[in-house]
Amino acid sequence: MPDEIIVPPNEEPKRLENFLKKRFNIGYVRKVFRKNGVRLNGRRSGPGASIFPGDRVELYIPFEKQSSNTKAPRTLPFKILFEDEDIIVIDKSAGIAVHEARGVLKRHTVLGMLETMYRPRGITPRLAHRIDKETSGLLVAVKNDAAVERLQTLFKERRVEKEYLALVKGKLFPARGTIDFPLPGREGRTVAAATHYKVEKEFSDTSLARVRIDSGRMHQIRLHFAELGHPVVMDDKHGNFDFNVRFGRTYGLRRQFLHAAMIAFSHRGKKQKWSAELPEELGSVLKRLESR
C-alpha cells in the first residue's frame with residue numbers, strides 16, 4: 001500500500017515538488033520522482049504538477065528505505081510524555097537547542113528531530129514555546145494549525161501555568177516573593193515581566209526555589225535572579241563566574257541548574273497538567289548538598 005498524504009485545507013497552492021520538500025529530505029523527493037513513484041489524485045505526476053487543498057498524494061516508495069543512509073541518534077535527547085492528534089509534550093535533556101540558530105543546524109535541534117520523526121506521516125510539528133538549550137524539562141509542540149492557534153491564544157492570555165526548579169546562589173530573602181522589573185524586548189524597548197518564587201530548600205550557600213512565570217521573556221528567570229543578586233547556579237552568561245568555577249569543581253555540574261518541572265493548560269475541554277522529574281545530574285547535586 002502506498003503512503004497517502006491529504007493536502008491540508010490551509011495549504012497554499014504550490015508545485016508538488018515543493019509540497020513534498022516541506023515533508024521529506026531532498027534526496028528522497030528527487031528519487032521518488034525519478035522512479036515515477038508519485039501519484040496525484042490517482043494519476044502519475046511530475047515535480048511541476050500543482051497541488052491544492054484536499055488533493056490526495058500517494059507515494060509508492062517507502063520513505064524509511066530511502067533514509068537508511070541518514071544517521072539518526074541512537075537515543076533521542078528527549079522523551080515523549082504525552083501525545084494525541086494535536087500536541088506532543090516532551091521532556092528535553094539539557095544541552096540540545098530547541099530550534100536552529102547561528103552555529104546550530106536544524107537537524108541537531110529538538111524541532112528538527114521532531115520533523116524527521118513525523119515527516120512520514122505528513123505532519124510538520126511546530127513549537128508552542130521555547131526553553132533554553134541548557135535548561136532541561138517540559139516543552140510542548142503542536143501538530144496542526146488549529147492547535148497552534150489555541151496554544152498561542154492560551155499563552156497570550158497567560159492561561160498556561162509553568163513552573164521551574166532553580167538552584168540560585170546565596171539565601172533568598174524573603175523566602176517567597178515576586179521579581180517584577182522590566183526586561184529587554186524587541187527594538188530596544190523594555191517589556192514587563194514577573195517571576196514568582198518560593199524557596200523549597202536552603203543550603204549553606206545556595207537556595208532551591210520553585211519558580212512560576214506569567215510571561216515568557218528570553219532568559220527571564222536567569223536575568224531576574226541575576227538582577228536580584230542571586231544568579232542561577234552555573235549560568236555561564238548571567239551568573240557569578242568565580243562561584244560557578246568553585247561549584248562545578250566541587251559538585252561536577254557542567255550546566256545551569258534550571259529545570260522546567262511543570263506545565264498545565266486547558267486541553268480538549270479540561271485542564272491538564274504534566275510534570276518532569278529532575279534529571280539525574282541535578283538530582284545528584286541536591287543529594288550531595290543535603291549530605292553536606
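Where is glutamine 272 found? Select this residue in the predicted model and strand E18, residues 270–275, comes into view as its location. Glutamine 272 counts as buried because its relative accessibility is 17%, and the limit for that class is under 20%. A polar atom of its side chain lies 3.5 Å from the backbone oxygen of histidine 267. To see the surroundings, add Phe82, Ile263, Ala264, Phe265 and His267, which glutamine 272 touches when residues up to four places away in sequence are not counted.

**The whole chain**

Next, zoom out and display the entire chain as a cartoon. There are 8 helices and 18 strands, and the C-alpha atoms fill a box of roughly 70 × 40 × 40 Å along the principal axes. Of the 292 residues, 45% count as buried. Among contacts with a separation of 6 or more, 60% are between residues 24 or more positions apart.

**The largest nonpolar core**

Select Val110, Tyr164, Leu172, Val211, Ile221 and Phe225. Within the largest nonpolar core, which has 28 residues, these touch the most other members. Strands E8 (87–92), E10 (136–142), E11 (161–169), E15 (195–202), E16 (206–213) and E17 (258–267) each supply at least two residues of this core, as do helices H4 (110–118) and H6 (220–227). Helix H4 gives the most, with 4 residues.

Now centre on isoleucine 221. Not counting residues up to four places away in sequence, isoleucine 221 touches Tyr164, Val211, Ile213 and Leu258. Extend the selection to helix H6, where Gln220, Ile221, Arg222, His224 and Phe225 are buried. The buried residues of H6 pack against E11, E12 (176–179), E13 (183–184), E15, E16 and E17. After H6 comes glycine 229, with a positive phi near 90 degrees.

**The E7–E8 hairpin and its charged neighbours**

Select strand E7, residues 78–83, together with E8. The two run antiparallel and are joined by 5 bridges; they form a hairpin with 3 residues between them. One bridge to display pairs phenylalanine 78 with lysine 92 in E8.

Which side chain meets that of arginine 150 in a salt bridge? Select aspartate 86: the N to O distance in this pair is 3.2 Å. Aspartate 86 sits in the loop between E7 and E8, whereas arginine 150 belongs to helix H5 (residues 145–156), 64 residues away in sequence. Aspartate 86 counts as buried because its relative accessibility is 10%, while arginine 150, at 42%, is partly exposed.

Aspartate 86 also forms a salt bridge with arginine 268, with the closest N and O atoms 3.1 Å apart. Arginine 268 lies in the loop between E17 and E18, so this pair ties together parts that are 182 residues apart in sequence.

Move along to the start of helix H5 as listed and select aspartate 145 with arginine 126, a salt bridge whose closest N and O atoms are 2.3 Å apart. Arginine 126 is in strand E9 (residues 126–127), 19 residues from aspartate 145 in H5. Aspartate 145 is partly exposed at 26% relative accessibility, and arginine 126 is partly exposed at 34%. Then select Asp84, Glu85, Asp86, Arg150 and Arg268, which salt bridges with shared partners join into one network. The count of salt bridges comes to 21.

**The four-stranded open sheet**

Turn to the open sheet of 4 strands ordered E1-E6-E3-E4, with antiparallel pairing. Its edge strands are E1 (3–6) and E4 (43–44), each pairing on one side only. Strand E3 (residues 38–40) pairs with E4 over 2 bridges, and arginine 39 has arginine 44 in E4 as its bridge partner.

Select glycine 46, in the loop between E4 and E5. Leaving aside neighbours within four places in sequence, glycine 46 is in contact with Leu16 and Phe33. Its C-alpha atom is separated by 44 Å from that of phenylalanine 265.

**The final stop: aspartate 55**

Aspartate 55 is in the loop between E5 (50–51) and E6 (56–59). What is the nearest side chain of opposite charge? Arginine 56 is, at 8.4 Å, and aspartate 55 is buried without a salt bridge. A polar atom of the aspartate 55 side chain lies 2.8 Å from the backbone nitrogen of phenylalanine 52. Beyond its neighbours within four places in sequence, aspartate 55 contacts Ile5, Ile6, Val7, Leu40, Asn41 and Ser50.

How values were computed. Residues are numbered from 1 along each chain as its sequence is written. This is a predicted model: local features need pLDDT of at least 70, side-chain atom pairs count only at pLDDT 80 or more; totals for chains, interfaces and linings use all residues. Side-chain values use heavy atoms; hydrogens and water are left out. Buried means under 20% relative accessible area, exposed over 50%, partly exposed in between (1.4 Å probe, protein chains only). Lys and Arg count as positive and Asp and Glu as negative; His and the chain ends are not counted. A salt bridge is a side-chain nitrogen of Lys or Arg within 4 Å of a carboxyl oxygen of Asp or Glu. A polar contact is a pair of N or O atoms within 3.5 Å; within protein, one must be able to donate a hydrogen and the other to accept it, and residues adjacent in sequence count only if both atoms are side-chain atoms. Contact means heavy atoms within 4.5 Å. Two strands pair if DSSP finds at least two bridges between them. A nonpolar core is a set of buried Ala, Val, Leu, Ile, Met, Phe, Trp, Tyr and Cys residues joined through side-chain atoms within 4.5 Å.
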